[in-house]
Every structure is written in structure tokens, then in C-alpha cells.
Amino acid sequence: MKLYGIYFSPTGGTKKVLDMLMNEWKIDAELIDLTQPQFNQKKVLDRNDICMIAIPSYGGRVPEIVIKRLTNIKGDHTRVILIVVYGNRDYDDTLLELKNTVKDNGFNPIAAISAVARHSIMNQFASDRPNAIDQMELQVFSREIKNLVDTKEKYAELKVPGNYPYRKYDGVPFKPKGNRLCNSCGVCARSCPLQAIPLDNPKQVDKSKCISCMRCVKVCPNQARQVNLTLLKVAGKLMAKKCSLRKENQLFFEME
């Protein structure tokens, strides 16, 4: 049995949650990073393997690029743990959409986790998460799931929150661009999962491709990329009521 950790984590919060969960499993493990530009890795997982798929929630949905890239990863009724990370607002239909997506790819969802990490755009929300308390809680979740795997051969149908049709999501108007500190080093362009930044002019962004994942802001060595600060301030005030109250991590699994 091998443990696979598949993740999309432009700003690092989702990967941090995944690491906390995977560290409780003392078995051979392999990571697959869906965040890579031009990701084209193909993989078929064995029936005896265990897989964790960790993704961020964008507007209560699975990012479209994640669904597309997951089509390259197939399972043979492989057991999978679904992990959705969100910025302390809500994850809405993300777990349900992820569950349905991976089932179509040959996986058997046996457990799911929703976890909170710092909001990738409005960093003032959940700014310290996942913190030490989250880590302890996620470790307990992981041990509970491992015990489920060790003691069960058959699994009941996993039920997760969400509705179908899924929540409509048309993106957000935050498209980072280079400011006066940009020296055109190209780090952002080479790191962008959607290749929305032209390498020959990295101060700019192709708004039709950009999904506002904020990876370019995260990796810029000069802190030279930013979104419209006035728009960000207004959006922060509108989101404050929904995002300020602490949301809890959740574990979902079914026992027959």
C-alpha cells in the first residue's frame, strides 16, 4: 500500500494542511503537485493504494483547472480522502463537486475533511491558520481515518455537504499586476499555474486566463505584484461579517 498526496496549492495553505494530515501515516508516500505550470503527469493508482486529494475552494467550487488536471489521475476503485481548504468564509459545494469528480475518475471516496487556512486574497481573514490547534485537530482526524482504513474492508457511501446544481462561480475581479518594484525577473511568469503572465512582459497579466490564485503574489521575491488596493479594501469590508467568525475544521466519514 502506498500513500499519494495530490494537491493544488498556489499560496501554500492547502499544501500545509495536506502535510499535517500525511505526516500521521508512516508508509511510503508520493506527492503529485497539480499547481505546476503545464501539468501533464499521468498516473494510474492501484486498488490497494490510499490517496489524499487536497484543493482550495474558490467561491464555493472546485477550481476548473483542478478538475481538468485530475482527469490525468485515474484510480482502480482506489480509496481517497477528500480535503477542501477554504479561507474562513464557506466551502459551499466544493466537497460535493470534488467527490463527484473523483468518482468519475475511478476513485472510492471514504472520508472527507474541510479545513481552514489564511484567505489567499484577503489575508486578514484566518491570518494565522492553520495554527497549532488546527494541527492537533487535523492529526486526530488523520488518525481516525487511518483506523478506518486499518479496520474496514467495505465502506458506506460517503455523504458530504453541498448542493447540485453547484453554486455559480464566475471568478473574482482581482488580477495581480506588477508595480514599480517589478524588475521583470520572470519568477511569477514561470510559476503561474495557468501561464497567464507573459514571460517577456511579466508586469502584465492575461485577465482571460488568470484565476486569481495569487501564486504570483506569493512567489515574487520583490513583493512587486498586487491587486487593486481600493477594490481589495472594499471587498474586505463586504466580506468581514462572513469571514471574521472562526470556522471549525470538519471530518466526514460513514460507518456501516
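**Figure 1. Packing of helix α1 in the predicted model**. The buried residues of α1 pack against five strands and one helix, namely β1 (3–7), β2 (29–33), β4, β6 (78–86), β7 (107–116) and α4 (132–151). Helix α1 covers residues 13–22, and seven of its ten residues are buried, so the helix is largely enclosed by the rest of the structure. Those buried positions are Gly13, Thr14, Val17, Leu18, Met20, Leu21 and Met22.

**Figure 2. Surroundings of Ala54 in strand β4**. Ala54 belongs to β4, which spans residues 50–56. With a relative accessible area of 0%, Ala54 is buried, because the cut-off for that class is under 20%. Beyond its neighbours within four places in sequence, Ala54 is in contact with Ile6, Tyr7, Phe8, Thr14, Leu18 and Ile83. Two of these partners, Thr14 and Leu18, are listed among the buried residues of α1. Ser142 lies 88 residues away from Ala54 along the chain, and the C-alpha atoms of the pair are separated by 13 Å.

**Figure 3. Contacts of Asn249 in the loop between α7 and β10**. The loop that holds Asn249 runs between α7 (229–244) and β10 (250–253). Asn249 is buried, and its relative accessible area is 6%. The Asn249 side chain makes a polar contact of 2.9 Å with the side chain of Asp134. The side chain of Asn249 also reaches the backbone nitrogen of Val116, at 3.0 Å. Residues up to four places away in sequence aside, Asn249 touches Ser114, Ala115, Val116, Arg129, Asp134, Glu137 and Phe141.

**Figure 4. The largest cavity and its lining**. Two cavities of 30 Å³ or more are found in the model. The largest holds about 100 Å³ of space. Its lining is made up of 16 residues, and those nearest the cavity centre are Cys192, Ala196, Cys210, Cys213 and Cys216. By class, this lining has twelve nonpolar, one polar and three charged residues.

**Figure 5. The second largest cavity and its lining**. About 60 Å³ of space lies in the second largest cavity. Cysteines in its lining are Cys182, Cys185, Cys188 and Cys220. The lining also includes Asn183, Ser184, Gly186, Asn222, Ala224 and Arg225. Sorted by class, the residues around this cavity are five nonpolar, four polar and one charged.

Terms used:
Residues are numbered from 1 along each chain as its sequence is written. This is a predicted model: local features need pLDDT of at least 70, side-chain atom pairs count only at pLDDT 80 or more; totals for chains, interfaces and linings use all residues. Side-chain values use heavy atoms; hydrogens and water are left out. Helices (H or I, at least four residues) and strands (E, at least two) are DSSP runs, numbered from the N terminus. Buried means under 20% relative accessible area, exposed over 50%, partly exposed in between (1.4 Å probe, protein chains only). A polar contact is a pair of N or O atoms within 3.5 Å; within protein, one must be able to donate a hydrogen and the other to accept it, and residues adjacent in sequence count only if both atoms are side-chain atoms. Contact means heavy atoms within 4.5 Å. On a 1 Å grid over the protein atoms alone, a cavity is a set of points where a 1.4 Å probe fits but cannot get out, and a pocket is an open set with protein on both sides within 12 Å along at least five of seven lines; lining residues have an atom within 4 Å of a point. Grid points are joined across faces, edges and corners, and a volume is the space filled by probe spheres set on the points. Ala, Val, Leu, Ile, Met, Phe, Trp, Tyr, Cys and Pro count as nonpolar, Asp, Glu, Lys and Arg as charged, and the others, Gly among them, as polar.
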